[in-house]
Amino acid sequence: MTSQVRLRLLPSARCLFDEPVQVKVAGLKCKQVVTMRARSTDEKGVVYSSSATYRADGSGEVDLERDPSLSGSYVGVEPMGLLWSMKAEALHKRFQKMSSLNPHVVKFSVHEEEGGEDMMLAEATNERFLIGDGVSRLPVKEGNIRGVLFTPPGWSSVFELISGTSTIIFDAFMVLCCPPGEGPFPAVLDLYTLGGGLSEKRAALLASRGFVVGSKGVGVISLSKSGDLALSAASYLSGVDATVWINGCCSNTAFPLYYKKSKIHSPLMFDISRIIPTESGAVMGKYALNNPLAEENKDCLIPVEQAKGRLLFVSSGGRPQLGQQSFRGRDGGAAEASREGQL
């Protein structure tokens, strides 16, 4: 490394996982072309990396908030581009950061090519924490509930989480968020995807931010299979005042839905013969899920129009694993699936 070149992460090299950092380089030559890189390893040992080419200004400085990337993982002015453009160095890998106990570590570096050789000029390490100061973490194992309770500073009250009976155990996180002042305060239940394990990052960050639903009810945030569970909770249970549904389905999928030993919905099933293998070794399940709007599957539909709280639907339309149809509401869109004025 060259001692005169300095790579800085501002305002600090230690931050919360969702906080931006300003990446600046000083001590370069006037108009020098360099390559900026970011590299990290997830909990499964998979390496993720990104790179971008920059040209220093007349003072020998590069500022990612000001200067455009000329080539690489992205182009243009992207202050956080080195983070969001990181890709796995192996095929078909998804970033794994399940535990909130340790920070996610990203190494930033600046390089130049000289005589055909790559030379590192400077580097800096960014520690991205999931839990803010004063947030407590308590593992939960009660009945068929497996999860973690995160509470912001100052919370001392006792609460009860009452669960119905289901045919399957789902991973869940209860985030109890309390702003300054006297309670009681609302809770947010964070439901992860089926088979995904206990993922703590979103729940920990919500607690770190003191997230508030806006009333004394409960909020639910969901993903994939847990999306239909969240809609069912909003439709059948009182006190669910806000629901966030991400890439789920408008019907109960995969397993029968029970509440207090009573069957509520039959499952919308998959046809594995419609799964398409690809040359890379991945499989595409876009057409595998049966049509949730077909007459024979009406018993699987969730009566979301019964929901008393507010609903937010988020669908990544290009997702290849499930058909766009599975994301839509009864009338063909998320907006129609919610009661008027609730989206």
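Which residue of β6 does Lys 24 stand opposite? I put this question first in the notebook and looked it up in the model, which is predicted. Lys 24 faces Asp 63 in β6.

**Entry 1: the strands around Lys 24**

I then examined the strand β3, which covers residues 22-26. I found that two bridges link β3 to β6 and that these strands run antiparallel. A further pair across these strands is Val 25, which stands opposite Val 62 in β6.

I turned next to β1. Five bridges join β1 to β3, and this pairing is also recorded here as antiparallel. I noted Leu 9 opposite Val 23 in β3.

**Entry 2: the sheet**

In what order do the three strands of the open sheet lie? I read the order as β1-β3-β6, with antiparallel pairing. The edge strands are β1 (6-10) and β6 (62-63), since each of them pairs on one side only.

I also asked whether the residues of β3 are mostly buried or exposed. Four of its five residues are buried, so I describe β3 as largely enclosed by the rest of the structure.

**Entry 3: a nonpolar surface patch**

I moved on to the surface. Which residues form a nonpolar patch there? I listed Tyr 236, Leu 237, Tyr 259 and Ile 264. Together these four residues have about 320 Å² of accessible area.

I looked up Tyr 236 individually. Tyr 236 belongs to helix α3, which spans residues 225-236. Its relative accessible area is 36%, and I therefore entered Tyr 236 as partly exposed. The cut-offs behind this reading are under 20% for buried and over 50% for exposed.

**Entry 4: the chain as a whole**

I closed with the totals for the chain. How many helices and strands does the chain have? I recorded five helices and 21 strands.

The chain has 343 residues, and buried residues make up 43% of them. For the accessible surface of the chain I noted about 17900 Å², with 53% of this area belonging to carbon and sulfur atoms.

Lastly, I looked up the contacts between residues at least 6 apart in sequence. Of these contacts, 59% join residues at least 24 apart.

Methods. Residues numbered from 1 in each chain as written. Predicted model: local features only at pLDDT ≥ 70, side-chain atom pairs only at ≥ 80, totals over all residues. Heavy atoms only, no water. Patch = residues over 30% accessible without salt bridge, like charges linked within 9 Å, V, L, I, M, F, W, Y side chains within 5 Å. Areas by Shrake-Rupley, 256 points an atom, 1.4 Å probe, with all protein chains shown as cover. Salt bridge = Lys/Arg side-chain N within 4 Å of Asp/Glu carboxyl O. Buried < 20%, exposed > 50% of the residue type's maximum accessible area, 1.4 Å probe, protein only. Contact = heavy atoms within 4.5 Å. Pairing = 2+ DSSP bridges.
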